[in-house]
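Subject: Handover of a structure and findings

Dear colleague,

Please find below the structure I am passing on to you, together with its sequence. My findings follow directly after it.

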Amino acid sequence: MEFIESWAEIGLLYLNNTRHFINDQCSGREAWEIILATVLLINICHWLYQQVFLHELSVFERMKLSFFKILRRLPVIGRKIQEELEKTKSAITKDMFPLPQGDIYNTHLPEQGIPKDELLNLVTTKYKSMEKIDWQGGRLSGAVYNCGAEHESLMERIYGIFVGDNLLHPDVFPGTRKMEAEVVAMCCNFFHGGPEACGTMTSGGTESILMACKAYREHAYKRGIKYPEILAPCSGHAAFAKAAKYFKMRYVETPIDPTTKLINIPAMKRKISKNTCMLVVSAPSFPYGVVEQVEEVGKLGKHYNIPVHVDACMGGFIIPFAKRAGINLPPMDFRVEGVTSISADAHKYGLAPKGNSIVVYKNPEYRMGQFYINTDWCGGIYASPAVGGTRSGAVIATCWATMMYVGADGYQENAVKIIKTREYVEDCVRNIPGLTVQGKPDVNILSISSDTFDIYRLGAALTNKGWHMFTVQYPAGVNFCVTKMHTLPGVAEGFVKDLEECTADIMKDPNAKADGIAAIYGMAESIPDRSMVAEFVQGYLEAYYSTKL
Ligand SMILES: *Cc1c(COP(=O)(O)O)cnc(C)c1O
């Protein structure tokens, strides 16, 4: 081996060997044969590359799917699985949305319209009265964020004033146009956007996220990326995966720390590829209520020149105002280098009626990507800023009016109360034997789990006491999202009392099996074939629209 002096020589040797090998293979062949073989080889390589790297799902995920598909086609096992599936599916969908005794569905237009008083009577006695969960009394986790007769009647009046406004025609409705522009500007300012900061309103957090993803997809296309990837921690909201599905992007998930529930930054860095079109970070995350590392993700974005979206759908109307009150929370707005957009739900802690959210960008270049413009339609030159065409000016007016009515002081007061209430409940949970809190919550959400018993049993026990919670999976948990109702005197205390009683009851027999809906959640979490779980869920969505008795 003395005559091999360097790696370069070894390389040359291999190159020469390869050259001889190829020449030998080709010797005696006709030119057309060589050309054909080359074309075929290139095509096969290209196809393999596409299958491995440019598919929505990874190779492993696709192998798993195929495996279960085959399993379900096997003669005996397949039929058995299908039978079990149908049984569970009908158990889930039956009684999903029960009607009161004797009630029926209206499935045809009434021949003559119903008179006003009769209609109002119908609405209150037959529809509004169907609600069983005392959400006004605060028995609900999240979902309804504002309360109070005074605010409600103000909203009714504002909505009434602008009830006809259609913002597809802002020239006709300049007042609500001005309101929308002002809402966006106010958000840009409390997120400390520069003079270039801009945005739009949308119908909700999901639409805000969809729009940011679309904007970054267009941005990536411009830079020559053909198959843009969204890189998000597994704690990111499902709306990002939904955006990937809608917009033909690839969704790349990166792990979080199992204890702190914060993003594993080195892992995120490793998953950045030349196709990554955006990084996602939440403030706070939906499953754990932890404000993630906006500064560190911002640094990655800046270093690799990739836009960073901060999902502040939950925290957008809390964190800036809690900070104003001197509560120490991690930075999450445009002052953090690398942050290029933020989503914030006005219909959550913005305290506005449903159908109001905001997405803001560092500059108009990013926002441009979310706009839709059609110059050639025979229906006229058409342009819309977000998903909707016709948009209600009345809904936007209620958002504007809420923000003006509550004001920075009001949001600050609300933010402090929400955080203090979460702290109080958190301290209590940490002192209840059998319960643990996932990660270290920062804002409004508290994820409760247990090392001792099946936590879904707690969810079910709380349901029996009239509480309505969120359930989360991987790991299993029951989430409490503090709203304004829980900050009213006695409400959080009542929750803690019920929590203590339910837990003490379960702890008498911690190993008992769950039943009912708790068992279904547990089963759904443990089924490896997710396409089966999807079938159950499909049953749920179908039941939603069912008018069969
Ligand atoms: C609520 C929420 C969303 C989605 O908002 P919708 O208004 O339900 O569409 C997205 N991200 C986070 C963190 C949220 O809390």
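The notes below cover aromatic pairs, nonpolar cores and the internal cavity.

Please bear in mind that this is a predicted model.

Aromatic pairs

A search of the whole structure gives 19 aromatic pairs. Two that involve Phe97 deserve a description. In the pair of Phe97 and Tyr540, the ring centres are 6.1 Å apart and the planes meet at 40 degrees; the angle is neither under 30 degrees nor over 60, so the pair is classed as tilted. This pair links distant parts of the chain, for Phe97 sits in the loop between helix H4 (75–93) and helix H5 (116–127), whereas Tyr540 belongs to helix H18 (residues 530–544), 443 residues apart. Phe97 has a relative accessibility of 37% and therefore counts as partly exposed. Tyr540, with a relative accessible area of 33%, is partly exposed as well.

Phe97 also pairs with Tyr544: here the centres lie 6.2 Å apart with the planes at 80 degrees, which means that the pair is edge-to-face. Because Phe97 is in the loop between H4 and H5 and Tyr544 is in helix H18, this pair ties together parts that are 447 residues apart in sequence.

Elsewhere, ring pairs join Phe190, Phe191, Phe317, Phe321 and Tyr411 into a cluster.

Nonpolar cores

In soluble globular proteins, nonpolar side chains tend to be buried together. The largest nonpolar core in this model has 87 residues, and those that touch the most other members are Phe191, Phe317, Val360, Leu435, Ile455, Leu458 and Leu499. Helix H14 (residues 393–430) supplies the largest share of this core, with 11 residues. Phe191 and Phe317 thus appear both in the ring cluster and in this list of core residues.

For Ile455, leaving aside residues up to four places away in sequence, the contacts are Leu435, Ile448, Ser449, Ser450, Ala476, Gly477 and Val478. A second core, separate from the largest one, comprises 26 residues, among them Ala220, Ala232, Val359 and Ala386.

Internal cavity

How many cavities of 30 Å³ or more does the structure hold? There is one. The largest cavity has a volume of about 60 Å³. Its lining consists of Ser235, His237, Ser282, Pro284, Ser285, Phe286, Asp311, Cys313, Met314 and Lys348. By class, four of the lining residues are nonpolar, four are polar and two are charged.

With kind regards

How values were computed:
Residues are numbered from 1 along each chain as its sequence is written. This is a predicted model: local features need pLDDT of at least 70, side-chain atom pairs count only at pLDDT 80 or more; totals for chains, interfaces and linings use all residues. Side-chain values use heavy atoms; hydrogens and water are left out. Rings of Phe, Tyr and Trp (its six-membered ring) pair if their centres lie within 6.5 Å; planes under 30 degrees apart count as stacked, over 60 as edge-to-face and the rest as tilted. Helices (H or I, at least four residues) and strands (E, at least two) are DSSP runs, numbered from the N terminus. Buried means under 20% relative accessible area, exposed over 50%, partly exposed in between (1.4 Å probe, protein chains only). A nonpolar core is a set of buried Ala, Val, Leu, Ile, Met, Phe, Trp, Tyr and Cys residues joined through side-chain atoms within 4.5 Å. Contact means heavy atoms within 4.5 Å. On a 1 Å grid over the protein atoms alone, a cavity is a set of points where a 1.4 Å probe fits but cannot get out, and a pocket is an open set with protein on both sides within 12 Å along at least five of seven lines; lining residues have an atom within 4 Å of a point. Grid points are joined across faces, edges and corners, and a volume is the space filled by probe spheres set on the points. Ala, Val, Leu, Ile, Met, Phe, Trp, Tyr, Cys and Pro count as nonpolar, Asp, Glu, Lys and Arg as charged, and the others, Gly among them, as polar.
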